[in-house]
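Student: I would like a close look at one part of this model, taken slowly and with the cut-offs stated.

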Amino acid sequence: MLPIVQIVHREGIIDLGWGHPDPDLLPVEALRRAANAALARYGAAALAYGAERGPGPLLEWICGRLAQTDARPPDPAEALVLAGASQALDLLCTLVTRPGDIVLVESPTYHLAVRILRDHPLELVPTPVDAGGLDVDALAALLGRLARDGKRPRMLYFVPTYHNPTGVCMDLPRRQALAGLAAEAGLLLVEDDVYRELSHDVPAPPSVWSIARPGVVARIGSFSKSLAPGLRLGYLTADAALTSRIIGGGMLDSGGGVNPLVALTVAELCAAGDFEAIVMRLRAAYRERRDALASGLRQHLPPGCRFTVPRGGFFQWVELPDALDAADLLPRAEAAGVSYIPGARFHLAAARPGALRLSFSLYPPALLAEAAHRLGQAIGAALQ
Ligand SMILES: Cc1ncc(COP(=O)(O)O)c(C=O)c1O
């Protein structure tokens, strides 16, 4: 049979390479109820080409939710429903950049966003990340160097909240400094905010979008992490000029708003109060999984391995002892029954090879503990 899902399971391997949710955490029943409710309430309108900006009930809910989870809500002219963060990034590239433009990308960063950027004829330039997230001083220096060469980057892609792959969350002063620098430089920040709802301990800090001057940031959000990736549903908040530009683009003019039936289904799920309950459950589940993995790593990783436990999201970044290369270690780890993504995959340019990304989203706590055990054994053997 031809496949239905993207993920491929390998016998005997706990594969912490996949940043996918556990199927057991997907809200099948709530979505079934919501789909019925959407069809009952909207009938044929749910099956028509949708309003370009996305259906009103969902847009209003998104604005209301951000009033609670962010420093300021968008007004409806500043928000737009899209088919997930991936489509939002692709559309921004299509409509905001011109061939040959420089786009800055934090490094390391979400490797599949880089794939989307590379689908466009852009010059990608890495800007460094440190233990606190995107390094704003290094960015200022880079902008200065580019300016001296007569170059002005068009936009910068980054993940400030529960970063993929490092798990780091940028603090508020750094967010403010970045917003100020981008405003001065006329640089559009593309803030990937897909993990905002998945804080494990304390709520996420305000988005850079919410504290920056209007027009400086386009923030992309998603229901992939808070509800289900198969919905292919997300949103963008930006100044009204940019959202209008996207609505006026060929894609939405031709097809109307994205996924109207799914968007109305999600609106019904949210109106029923299920979103809040689902997200509370996810936070608790991911906190437990993060803790199971972290305690397994503490117990089983040999001395010289370093990691900082994330406060949200899906990912644990691990630095190996200097002698080890994560790509070279991978076959040995897989032979021991565990897999991961080597850290170099998340860098635009050559990087220190001794880091790796573990995702704790897909497996229950007991398997994460076992994965840590297997990884510790593989690293221990490689060090001998
Ligand atoms: C940082 C980041 N952005 C975007 C995505 C994909 O988002 P979407 O499913 O909304 O396209 C992911 C999924 O792993 C991610 O980690």
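Student: Between which strand and which helix is the loop that holds proline 108?

Tutor: Proline 108 sits in the loop that runs between strand S3 (102-107) and helix H4 (111-118), where helices (H or I, at least four residues) and strands (E, at least two) are DSSP runs numbered from the N terminus. Because this is a predicted model, local features need pLDDT of at least 70 and side-chain atom pairs count only at pLDDT 80 or more, while totals for chains, interfaces and linings use all residues. Residues are numbered from 1 along each chain as its sequence is written, and side-chain values use heavy atoms, with hydrogens and water left out.

The backbone deserves attention at this point, since the peptide bond that leads from serine 107 into proline 108 is cis, with omega near 10 degrees. A second cis peptide bond links asparagine 164 to proline 165, with omega about 20 degrees, and proline 165 belongs to the loop between strand S6 (155-158) and helix H6 (172-185). The loop between S6 and H6 also holds tyrosine 162, whose phi is near 55 degrees, a positive value in a residue other than glycine. As background, most residues other than glycine have a negative phi, and most peptide bonds are trans.

Asparagine 164 leads on to the ligand, as it is one of the residues around it; a residue counts as near a molecule if one of its heavy atoms lies within 4 Å of it. The residues around the ligand also include Gly84, Ala85, Ser86, Tyr110, Asp192, Val194 and Tyr195, together with Ser222, Ser224, Lys225 and Arg232.

Some of these residues make polar contacts, meaning pairs of N or O atoms within 3.5 Å (within protein, one must be able to donate a hydrogen and the other to accept it, and residues adjacent in sequence count only if both atoms are side-chain atoms). The side chain of serine 86 places an N or O atom 2.6 Å from an oxygen atom of the ligand, and a polar side-chain atom of serine 222 likewise lies 2.6 Å from a ligand oxygen. For lysine 225, the separation between an N or O atom of the side chain and an oxygen atom of the ligand is 2.8 Å.

For wider context, the chain is assigned domain 1 (14-27 + 276-383) and domain 2 (28-273), with bounds that come from an automatic or database domain assignment. The centres of domain 1 and domain 2, taken over C-alpha atoms, are 26 Å apart.
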